[in-house]
Amino acid sequence: MSSGPISKLKKKFQSVTKLSDTIREIRLCKTAADEREYVQKECAIIRDYFREENCVYRRRNVGKLLYFYMLGYPAHFGQMECLKLIISNNFGDKKIGYLGIMLLLNDKQVVQLLITNSIKSDLTNTDSPYVVGIAITALANICSADVTRNIASTVLDLIEGGDTYIKKKAILCAVRMVRVLPDIVDVFSPCIFKLINDNNNGVQMATASLIIEILRISKKYADMYEPCIPVLLRNLRTLVQTGSCTSDYTIDSVNDPFLQIKIIEALRWFIISGINQTQNMSDVLTDVITHNDLTSKNSGTAVLYEAITAIMEMNTSSNLRTLAINVMGQFLVNSDPNIKCIALNLLLKVVKIDFRSVQRHRSTILDALRDKEMIVKRYAIELSFAIINSNTVEYIIEELVEFMSKNRDNERLKSDCASGIILVSERHAIDKRWYFRTVAKVLALAGNSIRDEVIASLIQLLNEVPQLQTFATHLLFIESTCETSNFNDFSEIKITPFNPLLKICCWTLGEYGDLLIETQQELKTILPDVYKTKTITEFHILKFIENCLSSKCDDSTKNFIITAAFKLTSRLGSSYSDKINKLISIYKISRVVELQQRSLEYDKIVKVYGSIKNDLLERIPRNITKCNENKIFASETLQNDLITDIDEIHPKILEKEEGLEAKDNKCIPNIQTDILSIFDKLPDIKKYDLSNAAIPDEAQQIYENQDGIIFKILNSILNDKIHIKMYIQNNSNFDISSFNLKIAVPKYLRIELYTGNDTHLQNNVQNMITQSALIYNPNKKKVRLRIQLSYIYRLENITHQFDVDHFT
């Protein structure tokens with residue numbers, strides 16, 4: 001039997017399998033390892049054929065290779081074989097070759113320059129429109145700026161040709177060309193006015209796409225294409241009012257919804273570009289809304305959505321806007337959760353434009369909170385907060401609190417809802433006691449989902465408003481012991497397992513525990529019935545502290561408890577003080593360094609500095625830096641609160657360091673001026689090239705907020721200079737743009753702030769902004785910074801600030 005090269009070649013030919021057989025074999029693989037082994041074996045055979053320049057099975061081998069590529073396996077070695085297929089005269093070869101080019105190549109690879117002449121030749125092929133069709137489809141997917149310059153004139157000839165099938169493909173290819181090379185717009189401009197009057201729906205839709213892309217590139221073309229608006233309006237009116245479309249274009253009794261959507265989108269871009277034909281557009285868009293059935297399926301809903309979006313961009317009458325909002329309200333009662341999400345998202349954008357009209361759908365929006373889909377609940381929560389004002393706050397907050405009580409298993413929902421309720425209640429509170437009753441309920445329902453910044457905000461609020469202190473202390477204590485069945489039996493006192501509620505309750509007990517005992521009878525006249533049946537004694541407080549320290553709460557909460565217990569030694573009787581000191585002394589041998597340090601410090605104060613202990617444990621001085629202590633209950637946003645100068649933040653520290661008396665906290669008449677003046681004296685920002693390297697392990701995270709901003713800092717000290725490098729990331733599901741960072745320092749420091757490497761933070765920590773600063777500290781005093789972050793998050797301008805005062 002011969003074993004020469006011919007017999008070997010025959011053996012290889014026999015081993016070539018069809019694509020269908022290959023797919024069947026892969027589907028029969030039981031494990032991923034078996035699949036990888038089979039694919040590697042087939043790829044090795046395909047490489048051998050490519051190396052031997054085998055033309056017989058080239059198309060079959062490329063087809064199998066493309067299938068492997070779609071499964072996720074590398075197939076780059078087949079690029080040149082695809083080029084060989086497209087120069088073939090066989091249509092089947094060309095079809096597979098162009099498919100391979102679209103999958104394996106992109107506009108950034110130099111290899112595509114080799115196919116320019118082949119594509120140009122196929123585009124001028126007059127024998128078969130199908131060859132032209134697949135060539136122009138491939139070009140529309142991979143063309144780069146260089147290829148566009150060479151082939152744009154050929155594509156223009158196809159657009160001006162008479163074949164409708166080729167014409168619409170050529171227009172879509174022009175859309176791609178305009179996107180990759182905006183300078184080419186003038187080449188296609190003359191033919192647009194003719195194309196928009198074409199009778200074919202496909203050509204009209206492709207032309208509308210081309211107009212949209214041109215207007216998206218630059219608004220300067222809007223005036224040039226303004227004569228197209230009457231034609232677009234006429235075509236849209238024809239589609240809406242008459243049944244001129246054939247059954248091929250009708251979907252769910254809606255005449256060509258795809259073309260309607262494209263025309264409305266083109267009109268919206270004219271509106272965005274500043275073209276004012278409001279009256280004509282309003283009439284046609286009103287027809288679109290009135291002629292589409294709200295109960296129809298996705299086709300009619302999609303057209304209505306696009307029409308509503310266009311109306312919201314127009315400076316039109318309130319009647320048309322109200323009509324659009326009413327349609328969105330009817331979307332909310334649709335059984336499809338996708339349509340509900342669209343309606344809620346649109347209303348969230350519209351609420352800033354027409355608050356009153358959105359308010360009419362308040363009950364429907366709150367009904368969405370009871371939906372089964374989690375995404376619908378999220379949008380409903382966000383919109384519920386947006387429609388709250390001083391008239392509706394009590395009703396909507398009650399609904400949201402009920403929503404929290406029914407969704408206790410979802411920690412993320414509880415956290416967002418609880419933080420929002422506390423902030424919005426603070427902004428629109430009808431009175432102080434109602435506000436804190438609401439806060440007490442939320443803290444009890446939210447459990448451990450409350451963020452730390454919410455706790456800090458509540459502590460600051462209690463410090464600033466004396467009228468709330470004893471009232472809030474009583475409510476929080478009752479909520480923290482709500483699981484106690486017999487309140488009079490001291491051995492049965494049970495505490496809440498939730499750390500945030502324990503933290504704020506222990507802080508208030510430490511500060512105002514004595515007031516709670518003294519004013520209890522007065523409180524019962526204003527407390528709700530649920531709180532009137534429980535009388536709190538000093539022994540209740542002692543037992544509460546004892547149970548808290550023996551509970552399974554986290555270390556940071558125990559730190560709160562120990563500090564509160566020590567403060568209570570100066571507020572309760574001497575017999576209770578001795579018992580509390582014994583409880584605190586237990587932690588002198590704790591393995592937790594922070595707890596051990598606190599215990600030792602407090603023990604030393606009792607033994608060594610007992611004469612000044614009561615002075616040390618006085619209540620925290622009331623913060624009166626704000627002109628109006630009740631401003632937190634006004635309808636203004638919390639972000640407009642007064643930002644004090646950084647030198648006034650730590651007056652006691654400054655007094656110690658500089659030998660000066662602490663500054664008096666005075667009301668500043670112009671809040672807006674004060675906000676802006678903080679950063680007036682910042683040095684000019686210098687340019688500094690920062691690399692987007694990985695974050696060093698030594699960098700410390702010092703800040704994180706609800707928008708997903710993560711702020712880490714790394715500093716190095718050399719003599720009187722401190723070099724700071726800041727790393728900012730975005731951990732949320734939405735992008736953050738226009739990011740800006742500012743730093744203010746005390747007068748005895750000087751700072752040079754360098755520009756960051758970017759102003760855009762992609763979602764889910766896909767990128768990072770790095771920014772540096774150099775601080776000069778000639779007197780080597782304590783370094784304190786106030787950092788302000790401003791950015792755009794979900795179309796809203798947001799500003800946050802925080803202080804940094806620890807540098808090592």
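Which residues of the largest nonpolar core touch the most other members? Select L139, M177, F188, F436 and F544: of the 202 residues in this core, these five have that role. A nonpolar core here is a set of buried Ala, Val, Leu, Ile, Met, Phe, Trp, Tyr and Cys residues joined through side-chain atoms within 4.5 Å; buried means under 20% relative accessible area, exposed over 50%, and partly exposed in between (1.4 Å probe, protein chains only).

**Before you go further**

You are looking at a predicted model, in which local features need pLDDT of at least 70 and side-chain atom pairs count only at pLDDT 80 or more, while totals for chains, interfaces and linings use all residues. Residues are numbered from 1 along each chain as its sequence is written, and side-chain values use heavy atoms, with hydrogens and water left out.

Now colour by pLDDT, the predictor's confidence in each residue, from 0 to 100. The protein averages 80, and 85% of the residues score at least 70. Residues 625–692 have a pLDDT below 50, yet in the model this stretch has 133 contacts beyond near neighbours in sequence; a contact means heavy atoms within 4.5 Å.

**Stop 1: the largest core**

Return to the core and select helix 24 (residues 432–446), which gives the most to it, with 10 residues. Helices (H or I, at least four residues) and strands (E, at least two) are DSSP runs, numbered from the N terminus. Domain 1 (13–105) and domain 2 (476–617) each supply at least three residues to this core; their bounds come from an automatic or database domain assignment.

Next, centre on L139. Leaving aside residues up to four places away in sequence, L139 touches I119, L123, V147, I151, V155, C173 and M177. For a second, separate core of 31 residues, pick out I722, I724, L753 and L761, which are among its members.

**Stop 2: helix 11**

Show helix 11 (residues 185–195) and its buried residues: V185, F188, S189, C191, I192 and L195. An α-helix has 3.6 residues a turn, so residues three or four places apart point the same way. What do the buried residues of helix 11 pack against? Add helix 9 (145–159), helix 10 (164–180), helix 12 (201–217) and helix 13 (228–241) to the view, and you have their partners.

**Stop 3: the five-stranded sheet**

Move on to an open, antiparallel sheet of five strands in the order 3-4-5-8-7; two strands pair if DSSP finds at least two bridges between them. Strand 3 and strand 7 (750–753) are its edge strands, each pairing on one side only.

Follow the strands in turn. Strand 3 (residues 700–704) joins strand 4 (residues 709–718) over four bridges, and Y703 has F711 as its bridge partner. Their hairpin has four residues between the strands, and there G708 takes a positive phi near 90°.

From strand 4, 10 bridges lead to strand 5 (residues 721–730). Try selecting K712 with its bridge partner Y727, then I709 opposite N730. Two residues lie between the strands in this hairpin, where N719 takes a positive phi near 55°.

**Stop 4: the three-stranded sheet**

Finish at the open, antiparallel sheet with strand order 6-9-10. Strand 6 (736–744) and strand 10 (796–804) are at the edges with a single partner strand each, so one side of each is left without a neighbour in the sheet. Strand 9 (residues 785–793) is joined to strand 10 by nine bridges; select Q788 and you will find Q801 opposite, in strand 10.
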